[in-house]
Amino acid sequence: IPWFVAINYPLAYSCMDRRRNLIPASWTHQNLDDYDEFMSCPYSDGYDRLPRSHWLAEILLSNTLSVCASSLEISSHQGIGEETEAHNSSKNHDGNNRIEENLHHCEEIAYNAIGILYDYLLRRHALDMRFQAESARARITGMFAIPFLEMTVKDITSLMRIEPANRVRCLWLLCLLHIFQESPEQLLRDQLRLYCNSKGNTSLSKFIRLIKMCILSFQVFIGDSTSKQFSRVFNGIPRYVQDITWLVQESFNTICAMIILLIDECADILLVFPEERKKTAQGVFDCLLFVLTTPQSSVTQTRGLGAVSLGIEKFGVSTFLETVSDNFQHWARVLISLMNSTALSVRSVAVDFIVSVIGGVFDEVGSIDEISLVFLTVMPEVVAREIGLYCLKGQINDMRDVEVCLWPLRRALGDLEETNPDDDDRVDVQLAPILVTFCQACQAIIDGVLIELRLEGENCIIAGKRFNRNRQPDNIKESNNAWQGHAFDADEESLYEAASIFQPETAPMQRLRWLLTLKALHESKGQWLEAAETYLLCARTIAESIPHISSIWRPSLFTLWRDPRRSPWLTALADGTMPNAKQSVKELISFADRFLESPTLLMTGTLKIQASDPISTFHGKLYYPTVPSLCAMLSSVSTEATKLYAAEGGTEVLAFSRLEHLLKNVMDIVDTHKSTGLEMVNDTTSLRERRKRFAEEHAALRRTSNSVNSLLARLAESMVSLEKRNTNVDSFPNLIRGKHIFVRLTLLGKKPRRFEESTSIPTFLEWGSPFICRVRSSCIAKAQASNNPKVKKGRNSIASQGSLEDKICEAFAAQFLEALCDELSFQSVILCTKSPSEGRLSREGGSKTFLVVTMVQMSNAFSNNGGSNDIIESKRFYSKNFLSNPAAQDPENDRDVNGPMTIIESTVAQHFPCALSRQRTIITTEFVPGGNS
């Protein structure tokens, strides 16, 4: 009677396995062997002659799965053979029909066989109200678990030969997921330990391959709102099915839970088999990458990230980086995308995982340069893709919406930056400042993407959709100025920081990309000198990268975000109301790709954003630059730089000095290349090919040297002719001749909202901190053309006497006044040429904003002969300051009266002129003439 009952209703499973011990006790797996005493045998000789438990379920499983696998095997071989026969026989007109009939017949047999297992053994028990208790479901599923897993692993080859969306494969794998979900956990753990027991056993790798097959098959259900695929698998939609979203979520949740179980059970056992452990880790991380790439619910994403974190904990960071190898850039893409999730749980787990990876790498290597290079390189592509996704959903109408859709990512980076070594033992004390720099660079790159979109102006197209650059409030008139409302944005600083984080020796193309964007920004503002300086910085970057061309790192295109054959869910990214979803997704892919790298970067020295893919190899990796291509770029940017210097005017000495230094660097590279010979040509080709390549590289370097030399010769001739014509001396020689006009800019008093909180590009001005700014030539021309200053009698104008300095200050401050008046009232903004007194600030600082613009003179630290007219660069500036006399006030005009004079010297970090038009003052010293400082 007990054995008969066991046939119809299985035994209950517990943590104490009462079956035969699968794994013998050892030092690595210690267990108790004395629980076999619970196993009783009805015969005195010890041999069990009765059927063992679940024998009937095993017979049914064996028959159904064998018929299904054999039919699939016959279908695959027969299809290949008859297709060849029909192709070779031109007289057989009915060959195609016969092939289709045979294949359809075999597929029907396989479908009916697996349908018996699914319908009679699984579905009916799952829907029967008598077996809805958790213990009952586990005991019923336990009847089929072990034989089903063994036969599925055995017949994995038959499943791999058919398409992922095949209905037989989908139904088979649905049964597998049911086993994963409902089987007793201890039963699955025992089976996994059995797979890990011996060296060279391929069952575990096949099991992981089964999990990956489940991911590939069930991703076809994502976005299938019409349930077409679901209906094809089940021969119609059952009455109890209203929406298949639950199927996708439960399938991937079960897959993630099974992966967690596999990692927890096998990672420690495989320590005795290092190679098998490495292969297991590689398979597990590949499966999780597939899961996290697909659009899932926040629950599934959190569970998937939890599985990855467990894998990092069990296998270690070094094993993770070794197994993912070059695919780490794809992990970086996925993690950045998850950091922009609107779900707080997903963002928190993603940040926690990045902290684990960065902390582990820093503990082992002592640096995070390599992984930070990967993250920062793919960051603009992911940011552009996130913007495109929101655009496809119809949630973006202007630039403000673009900024809003990136708030979650900025908040996640802020959380990563605020990681405290005192609270998290994964973060070393020395890692904390490096982590801050890394997060700030990420924020700067996000700013750079927004700036590139602004540079496109009214022609900005996101994922095929054209939209307005900005939505103006009703109280603001439309302006032709493309940068209205962005006067205080730290756009130059963000682009310069994004470029500076990349080194010429390892990532010159990434550095050039942001420098060229900075150049385009300067050109849009009419700052020709800064644009020329940026071009020369590009030239120096190219020259420094040529000796290290073999160590340059290049990214790859992410296939899972591009190929609809491998990712059929891509069409689901577009809004269901869009008429052509495939075309919209294709435009999204192209839009994101051009932010990874401009398609024209390797061909020209100018930034031309086009809607085409970057140049890549067959495997998706972007092409490596060559010495001839870099030399062509260097010649191009040097020529363009001289044109921009000429557009600024009066900068011949500075341009000659910059090009002379560049020529010296190029000549050093030519000499090094000639002396090292073929050693620089790191290639595995024949000696003849290496010699040919060496000759081409040396010739390209020589041509570049001659090109820069010819530019120097033309500049020298221009300087001689200019010196002959320049005989008059102006009253303001340093202002007019060299046109190096600098002012000190400070904001005091009441803070506008723009300076109190910033969720987009931050402000370059720190409240109360002075900045040294170079005045562009258009402001100087405007001030010179104004013979009589037309000063409004308002609170925001300078009561000047018509001096040239005041005109220049007022022309320079016009854009900042306009930006302040857009937010504040016209009467609450005051423009002045000296800092207000403390008494005036205390009286009016709570209701008024003071915009202080003061003319400064460049110190002659780098003059050629000590004269102030020959200064070409400096980082020290001085100005006269008249102290306010509190005893003498002008109550009629409410202005301070000048008192004693002092000299204020301001020092910045870099020498002006440079690639930035403004810099924060780092040292300020005030002197009293004839006294002490």
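Me: What share of the contacts between residues at least 6 apart in sequence joins residues at least 24 apart in this protein?
Reply: That share is 72%. A word of care before we go on: this is a predicted model.

Me: How do you know that helix α14 has the span expected of its residues?
Reply: Happily, the sum is short. Helix α14 covers residues 328–339, 12 residues in total, and at 1.5 Å a residue they should span 16 Å. Its end C-alpha atoms are 16 Å apart, so the two values agree.

Me: What makes α14 count as mostly covered?
Reply: The cut-off for buried is under 20% relative accessible area, and 12 of the 12 residues of α14 are buried. Among them are Phe328, Arg333 and Met339. For the protein as a whole, 52% of its 933 residues count as buried.

Me: Which residues have the most contacts inside the largest nonpolar core?
Reply: They are Phe207, Trp331, Ile387 and Ile462, in a core of 224 residues. Helix α16, residues 369–392, gives the most to this core, with 15 residues.

Me: What makes Trp331 a member of a nonpolar core?
Reply: Such a core takes buried residues of certain kinds, Trp included, joined through side-chain atoms within 4.5 Å. Trp331 is buried, and it belongs to the core of 224 residues. Beyond its neighbours within four places in sequence, Trp331 is in contact with Phe285, Leu288, Leu289, Leu292, Val308, Phe320 and Val324.

Me: Which residues are among those of the other core, apart from this one?
Reply: Phe488, Ile808, Phe816 and Met855 are among its 32 residues.

Notes
Residues are numbered from 1 along each chain as its sequence is written. This is a predicted model: local features need pLDDT of at least 70, side-chain atom pairs count only at pLDDT 80 or more; totals for chains, interfaces and linings use all residues. Side-chain values use heavy atoms; hydrogens and water are left out. Helices (H or I, at least four residues) and strands (E, at least two) are DSSP runs, numbered from the N terminus. The expected span of a helix is 1.5 Å times one less than its number of residues. Buried means under 20% relative accessible area, exposed over 50%, partly exposed in between (1.4 Å probe, protein chains only). Contact means heavy atoms within 4.5 Å.
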